[in-house]
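Ready for a bit of practice? Have a look at the model below, then try the exercises before you read each solution.

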Amino acid sequence: MIEKQVSRGIIRTYFDKLDKCLELDVAIVGGGPSGIVAAYYMAKAGLRVALFDRKLSPGGGMWGGAMMFNQLVIQQEALGIIQDFGINYEPYEDGLFTADSVESTSALLYHAVHAGATIFNCYSVEDVVFKDNVVSGVVVNWTPVLREGLHVDPLNIMARFVVDGTGHDSEMCRVVASKNGIRLSTDTGDVIGERSLDVAEGERQVVEATKEIYPGLYVCGMASSAVGGTPRMGPIFGGMLLSGKKVAEMIIERVGK
Ligand code: 48F
């Protein structure tokens, strides 16, 4: 009966996919541009990677360009990443390029999954697994469960490394710092909070601030800016892409792939 096959096909393959992700090399929290780029390069290097995003459509702040004008600006330094993902771009001025934000976001998502990363949408990561003072996984629940305020316990996913790619809110860093009485690797030991906009400095410092912020926990993208107290940069996306690639390279080297 086709009706039953349709349901069973979904249920069996979905739970198989989830089962394979209960123990990961890397759990990425947040499917903005930095997290997706990180997922792509790590999956390509053979790491077991899953990315969790609370929205139905991952992609974070990349779909909308700026003020919903769906174009992006990227600088020369990040062009190699744009080319890795096969995204069309046009030269603009002074080493800057433009691209369509819908094409760009969908290309990142497609290539990350195609390279072997698993993306779970509608998953909110509400906490981390914290064992022997090391971040060792993520605690996940359905976004609708949290939105409805239902009293339903989450599930646990183990990972050698967790990447906080949650954007401006740097949610994983906040939760680790606030719940466990530890110091993050920042000037204050806590989440400092992003500074007001400065494009050139923001783009430079977001890549610099991409690092292991606490044993087992890496941070990339706007979350690095927010944690490290560096300036926001607005709708230029090269820094996000470079930050995602940098965190991938750091973890790949660590794992020795
Ligand atoms: O903010 P976001 O796009 O992350 P990003 O990679 O990129 C920032 C840029 O979009 C833009 C910018 C560029 O110059 O400043 O803002 O740093 O995407 C973050 C994603 O994380 C998800 C959220 O739904 C979004 O798609 N997210 C946030 N918190 C959680 C989460 C959570 N606790 N669990 C699951 N997903």
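The exercises below deal with helix packing and ligand contacts in this predicted model.

**Exercise 1.** Work out how helix 2 and helix 4 are oriented to each other, and which residues meet there.

*Solution.* Start with the axes: helix 2 covers residues 33-44, helix 4 covers residues 101-114, and their axes come within 8 Å and cross at roughly 30°. Angles under 35 degrees count as roughly parallel, so helix 2 and helix 4 are roughly parallel to each other. Next comes the handedness: helix 2 passes helix 4 in a left-handed crossing. Now list the partners. Helix 2 brings Pro33, Ile36, Val37, Ala39 and Tyr40, and these meet Leu108, Leu109, His111 and Ala112 of helix 4. Sorted by class, this contact has 8 nonpolar residues, 1 polar residue and no charged ones.

**Exercise 2.** Do the same for helix 2 and helix 9: find the orientation, the handedness and the kinds of residues involved.

*Solution.* Helix 9 spans residues 238-255, and its axis comes within 7 Å of the axis of helix 2, with a crossing of roughly 40°. Helix 2 and helix 9 are therefore oblique to each other. The crossing of helix 2 past helix 9 is right-handed. On the helix 2 side you'll find Pro33, Ser34, Val37, Ala38, Tyr41 and Met42, while the helix 9 side includes Met240, Leu241, Gly244 and Lys245. Split by class, the residues of this contact come to 11 nonpolar, 2 polar and 1 charged.

**Exercise 3.** Describe how helix 7 sits against helix 9.

*Solution.* Helix 7 runs over residues 199-208, and its axis comes within 8 Å of that of helix 9, crossing at roughly 10°. That makes helix 7 roughly parallel to helix 9. From helix 7, Glu203, Val206, Val207 and Glu208 take part; from helix 9, it's Gly238, Gly239, Met240, Leu242, Ser243 and Lys246. Count by class and you get 4 nonpolar, 3 polar and 3 charged residues in the contact of helix 7 with helix 9.

**Exercise 4.** Which residues come nearest to the ligand, and where do oxygen atoms of the ligand have polar atoms of Ser34, Gly61 and Gly234 beside them?

*Solution.* There are 28 residues around the ligand, and Ser34, Asp53, Gly61, Met222 and Gly234 come nearest. Take Ser34: a polar atom of its side chain is 2.7 Å from a ligand oxygen atom. Gly61 uses its backbone instead, with an N or O atom 2.7 Å from an oxygen atom of the ligand. For Gly234, a polar backbone atom lies 2.5 Å from a ligand oxygen atom. Finally, link this back to Exercise 2: Ser34 is also one of the helix 2 residues that meet helix 9.

Note on methods. Residues are numbered from 1 along each chain as its sequence is written. This is a predicted model: local features need pLDDT of at least 70, side-chain atom pairs count only at pLDDT 80 or more; totals for chains, interfaces and linings use all residues. Side-chain values use heavy atoms; hydrogens and water are left out. Axes are lines fitted to C-alpha atoms, for helices over the stretch in contact, and angles run from 0 to 180 degrees between N-to-C directions. Helices (H or I, at least four residues) and strands (E, at least two) are DSSP runs, numbered from the N terminus. Angles under 35 degrees count as roughly parallel, over 145 as roughly antiparallel, 65 to 115 as roughly perpendicular and the rest as oblique. A crossing is left-handed if the near helix is turned anticlockwise from the far one by less than a right angle, and right-handed if clockwise. Contact means heavy atoms within 4.5 Å. Ala, Val, Leu, Ile, Met, Phe, Trp, Tyr, Cys and Pro count as nonpolar, Asp, Glu, Lys and Arg as charged, and the others, Gly among them, as polar. A residue is near a molecule or strand if one of its heavy atoms lies within 4 Å of it. A polar contact is a pair of N or O atoms within 3.5 Å; within protein, one must be able to donate a hydrogen and the other to accept it, and residues adjacent in sequence count only if both atoms are side-chain atoms.
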